[in-house]
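Welcome, and please open the model in your viewer. We will go from one selection to the next and look at what is there.

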There are 2 protein chains.
Amino acid sequence: MKKLKALKCVFVLMSVVWLGGLTACADEGMWLYNDFPVRILKNRYGFEPTKELLEHLQKASVRFNSGGSGSFVSKNGLVITNHHVGADALQKFSDKDNDYYRNGFNARTNAQEKRCLDLELNVLISIEDVTDRVNTSVKPEMSAQEAFIARRAVMAQIEKESLEKTGLRSDVVTLYQGGLYHLYRFKKYTDVRLAFAPERQITFFGGDPDNFEYPRYCLDFCLFRIYENDKPAKIEHYLKWSRFGVGENELIFVSGHPGHTNRDFTVAELEYLRDVSFPYRLKWLKKTEVLLSVYSNENKEDARRAKDDLFGIVNSRKRLNGMYAGLLEPDFFTKKKTEEGKFRQAIAAKQDLKYASDAFGRIAEAQKSISENELRYQLLESWKGFYSELFYIARTLLRASDELAKPNAERLREFGDAGLESLEFQLFSEKPIYDDLEELKLADSLTWLVMNIGYSDPLVQKVLDGKSPQQRAIELVKGTKLKSVDFRRKLYDGGKAAVDTANDPMIALARIVDADARAVRLIMEIQDEIKQQAHADITKARFTIEGTSNYPDATFTLRLAFGRAKGYEENNQKIPYQTNLAGLYKRAKEHEYKPPFDLPERWIKRKNKLDLKTPMNFVTTVDITGGNSGSPVVNSKGEFVGIIFDGNIQSLVTDFSYSDEVARAVSVNSQAIIESLYKVYEAKKIADELLDRKSKK
Amino acid sequence: MKKLKALKCVFVLMSVVWLGGLTACADEGMWLYNDFPVRILKNRYGFEPTKELLEHLQKASVRFNSGGSGSFVSKNGLVITNHHVGADALQKFSDKDNDYYRNGFNARTNAQEKRCLDLELNVLISIEDVTDRVNTSVKPEMSAQEAFIARRAVMAQIEKESLEKTGLRSDVVTLYQGGLYHLYRFKKYTDVRLAFAPERQITFFGGDPDNFEYPRYCLDFCLFRIYENDKPAKIEHYLKWSRFGVGENELIFVSGHPGHTNRDFTVAELEYLRDVSFPYRLKWLKKTEVLLSVYSNENKEDARRAKDDLFGIVNSRKRLNGMYAGLLEPDFFTKKKTEEGKFRQAIAAKQDLKYASDAFGRIAEAQKSISENELRYQLLESWKGFYSELFYIARTLLRASDELAKPNAERLREFGDAGLESLEFQLFSEKPIYDDLEELKLADSLTWLVMNIGYSDPLVQKVLDGKSPQQRAIELVKGTKLKSVDFRRKLYDGGKAAVDTANDPMIALARIVDADARAVRLIMEIQDEIKQQAHADITKARFTIEGTSNYPDATFTLRLAFGRAKGYEENNQKIPYQTNLAGLYKRAKEHEYKPPFDLPERWIKRKNKLDLKTPMNFVTTVDITGGNSGSPVVNSKGEFVGIIFDGNIQSLVTDFSYSDEVARAVSVNSQAIIESLYKVYEAKKIADELLDRKSKK
């Protein structure tokens, strides 16, 4: 999943302001659409959203399965998201001679719109609470392993039934780390075409140095159009475009798909992040960043090939660096421990909460086993030792040949009937795969495997097969036939017999690893089951003690958040809530127009045509995280006033606890988009469509 | 120590050609000046160097204590070395407005020459074998710890006596991992001034992409002048400049200071490199590369400040990456094991070699303990957890206050009387220290300490003192007074009393770490003593069995190597042995003059003045490694024909075993230097001096 671009953590002193308790305060909250705190909002802002408004926002919101959020902005299927969310799709249909990612794209007619190779968009249609059914199928006398299998089975069953009944993509989502289970049904769109994208220079103006800074000057958006039956889809719920942007202190909503937060984590789980997970992941990210940076420095074409991978790696590294720094703030753990201690005392004091009395202990115990297995899990199951598209394809085919022969309920989660269509859509993608980049990534990750498991480990010896990591990677990438989508289809359709006799070296490699990978995955899944049961008890007890409405940690499902447009103070300086186009030109000039502060030629030529007072970016107190990239910012009339694209440097630690003191979400203003479409890009047709104007030919 | 720029290991398949045995073959050998294999050379090349020639080369060779090699090239004290060897010195007297490192420097008169802040040059005057004296002081009945202390004591004593007797810098050097001990006496120069440097663009043309590639087009040289009593030093042994460069297959010599090789390592020692040392160091290097790269991308001034650090880190990373890849070639260990097995059988077969029969086992045992302590050693003693100039200064002052109160023989090696002058020269250097860069490096390395020893470790808790790594780093850097050289002097001169009452936070930090750092260092030193004794036995047995002249692993002491100028084959293509100036312009044009293929303005303007057929770079089979950077390449008449600045990508694995199949040393041709001095830089005075011509005013 693509995350919000994360902390420019070269070096910034962060203070985590721990607000205590899990009760939401101020503008905190990534709220469930089926449990939206209307009363809190009314008390705080004197505004009460109607049911119709909530439904409208829900159905105008779009999830990008490649990672990120978006929204419908015309009745003819236009979807807006960030350029950096669309990047993956743009990259895939670009090549050496046509680099749409870098140079932008402007379809003058619908016929010119470019179809994406494997982009799937989801729109949330309904939510159903299935907690009871899930929990009933797990019997108290079951071992953790039995319970995990039973839970997986009932979830697969619910999803399958729902798919058969409704034809909609159906996912059972685990909330509150296991406190609740909701069935989410999505309408799925797979014919997605690019309508418009600006040049990368202007979408990521200021590059790394400005990333996670504010004030900012980025035009981080692009426009796709959804098609059905080869025609632009007719959309009922789309957001009207505001030509007036957002006023200071104005109430705004953000509807999107925050990916992952850790606010409900216990001390033991946070210690695991600090002591095991983050150190390991940061080391992997940094070594991979060096690898891809060096490769990208070779020449322009290599840079183009690696751009999306590298951007993702740099982003994650910054984000994790910042979060890790937050975990090392001594106050953070002190307060978390105090709070958890108090809560445990409260449980101990009530006879009827006895079921939760050892829940924290159970989690800590499970966490120990998770910590011990983390490294192997990361390397073998979570592809850190096999960082390669072709390996991923090989493993998927190998596992499909085993899993699809089993009843639905007994399969690995991702092979459940309900998700197969999406899985196949990815597996048979025609996206380009570059041998040199594959060899590079695979060789380096095999080397990482050796470094971390040890050269003499029997599995490592089998993986290397008597060769060096480099030789082995070349042999595998050159030797595999999986680059051919037809070959993949043949193996997938042919099932186990076809895969077993495929005689493909990459599939053979996946087979070497599979038993060990599955074994460590099972250990992790069992520990997760133990933790889920414990979290369910904690959540139940918390509702009993605190008796208050709340929201669960982010799960890359649709959430609604609110807040206001508001500046902040940094180093005793007031930072205004919004910037304008004049500021963009000023900043470029200050840096002598040198990359990454250079402007596209069009922007230099057409400067005089622009109203330089047009607002460009703005900040709000709204509670977001990675995955919210591309989320629409909406005013209380339900109009589109902007699009989320980043958080400031102080917002990163909100993964652990929200604060509205200085943490801010950063958005592109709707006015800047319109102004540039008309005056810089001469994209009148599309601008008119956004404004619901009739376009003259 | 600065190393030769190492392997562009983005991705290259390397084949280690293991030549077996320790007997030198082909052009192998980093020979001791007092044991030069005249007969081998005569047999191979029909050339017998005279004693006078050897003495002349020895005394014309210069060691850069900052890391690297050089040579005298005029009777008035001009020393030539690589620009990347001089970089450290250039960086130190540059500032925001005068960036000599980047823009070059040209002193029109001696008075304009710029004095370096802390550059020490050494010239080897004599070598004396002191093996017997060292070994006699270590009694067979001593424990390893007693033996280590006794050996350290006698070495300090020998050095002190020599210094008092001769006034020369005197170092006892351990050769053959402990097989021999030689006393090296150096004349020391500390008034070193920059006479000429080209722009960095042309010294490192092609940057990272071309680094470790060949053909190459770099003018990697600069010129210093040595002063004595404020006047240019009069030099008897300097190299005459050849205007004719080097012919194909011509015999050449390289006299320089190879830093470190691992050719005499046992299998157990190599496994330690593969399984413990290299993985750990590579992870540290890569995370530090990310840190400094991000910082450097902020702006030009940050890039300038971090340039030398970053260059060193990138260099080491490339080098280690390549060496590590070499260790993962399966053939390498197979052959090494076979060979070691045969040698052990040969020892077992001879009754009179019984003393060596368990030597390999003793090394393996010591290696276990070293592996267990490696991480703490790296973090606490070898500054990986405290990557900061100010910390280094604090520790030196703290330890000086303890050590200098002890008798010479009982001190830590670096505080021996014989080396004090050099230590003080560094300690009181006026080189600039930048708060922001110090804070950044220290915070990141404290974070690394936490990641690797663990947050809850008692020492970590003491180090952090209740703060986050960032807060702690800022507090330490802002709070210390050690940026003042006067303050350092006061503490150093004031001894223990002054240091104990200094009330300086950085010294307090050094004190917190010191007991643990010393403890782990002592463990390592004892294991090294065990290994040295075992290696001494192996070396003795090897001389008995193989009965042949040989050379010890590199030790950053002066060595003489020979070989020939010779191209090679790569991917079935012939690579000619030398390039020329025309090739430089061609390559720049191919890359549209974009960095790192841009040319300095002068080079574009004056292209027409140049003879484009002038040879620029060339390759030879000579046996070199990191530390040889800046070594003169000399023909059989003793004339300067070029200067070593790199090795090709295939040369990296020669740290483990030499090969002349495709491994090559890369040099700048003497002709290109002269041509550019006259025609590009209009530095007639200095060019005339190099050619021993009278310069007209």
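Before the first stop, a term: two strands pair if DSSP finds at least two bridges between them. Strands (E, at least two residues) and helices (H or I, at least four) are DSSP runs, numbered from the N terminus. This is a predicted model, in which local features need pLDDT of at least 70 and side-chain atom pairs count only at pLDDT 80 or more, while totals for chains, interfaces and linings use all residues. Residues are numbered from 1 along each chain as its sequence is written, and chains are lettered from A and ligands numbered from 1 in the order in which they are written.

**Stop 1: an open sheet in chain A**

Select β17(A) and strand β18 (residues 615-620) of chain A; two bridges join them, and they run antiparallel. Within this pair, Gln578(A) has Phe618(A) in β18(A) as its bridge partner. Now widen the selection to the eight strands of the open sheet, in the order β1-β14-β13-β19-β20-β21-β18-β17 (chain A), with antiparallel pairing. The edges are β1 (31-32) and β17 (578-580) of chain A; each has a single partner strand, so one side of each is left without a neighbour in the sheet.

**Stop 2: another set of strands**

Next, pick β7 (residues 121-129) of chain A. Strand β2 (residues 61-64) of chain A pairs with β7(A) in the antiparallel sense over two bridges, and Arg63(A) has Asn122(A) as its bridge partner there. β7(A) also pairs with strand β9 (residues 180-189) of chain A, antiparallel over eight bridges. Asn122(A) appears again here, with Lys188(A) in β9(A) as its bridge partner.

**Stop 3: chain A as a whole**

Zoom out to see the 23 helices and 21 strands of chain A. Its C-alpha atoms fill a box of roughly 70 × 65 × 50 Å, taken along the principal axes. Of its 697 residues, 53% count as buried, that is, with 20 or more other C-beta atoms, placed from the backbone, within 10 Å of their own (exposed means 12 or fewer, partly exposed in between).

**Stop 4: the nonpolar core**

A nonpolar core is a set of buried Ala, Val, Leu, Ile, Met, Phe, Trp, Tyr and Cys residues joined through C-beta atoms within 7 Å. Which residues touch the most other members of the largest nonpolar core? Of its 250 residues, they are Ala394(A), Ile252(B) and Ala394(B). Select Ala394(A): leaving aside neighbours within four places in sequence, Ala394(A) is in contact (C-beta atoms, placed from the backbone, within 7 Å) with Leu482(A), Met506(A), Ile507(A), Leu509(A) and Ala510(A). A second, separate core has 101 residues, including Ile80(A) and Val172(A).

**Stop 5: a helix in chain B**

Move to helix α6 (residues 144-166) of chain B. Among its buried residues are Phe148(B), Met155(B) and Leu163(B). The buried residues of α6(B) pack against α5 (131-137), β8 (169-175), β9 (180-189) and α19 (505-546) of chain B. Just after the helix, Gly167(B) takes a positive phi of about 75 degrees.

**Stop 6: where the chains meet**

Finally, show both chains: 37 residues of chain B are in contact with 37 residues of chain A. α9(B) gives the most to the side of chain B that touches chain A, with 10 residues. In chain A, 100% of the interface residues of chain B are also interface residues, so the copies meet through the same surface.

Definitions and conventions:
Contact = placed C-beta atoms within 7 Å.
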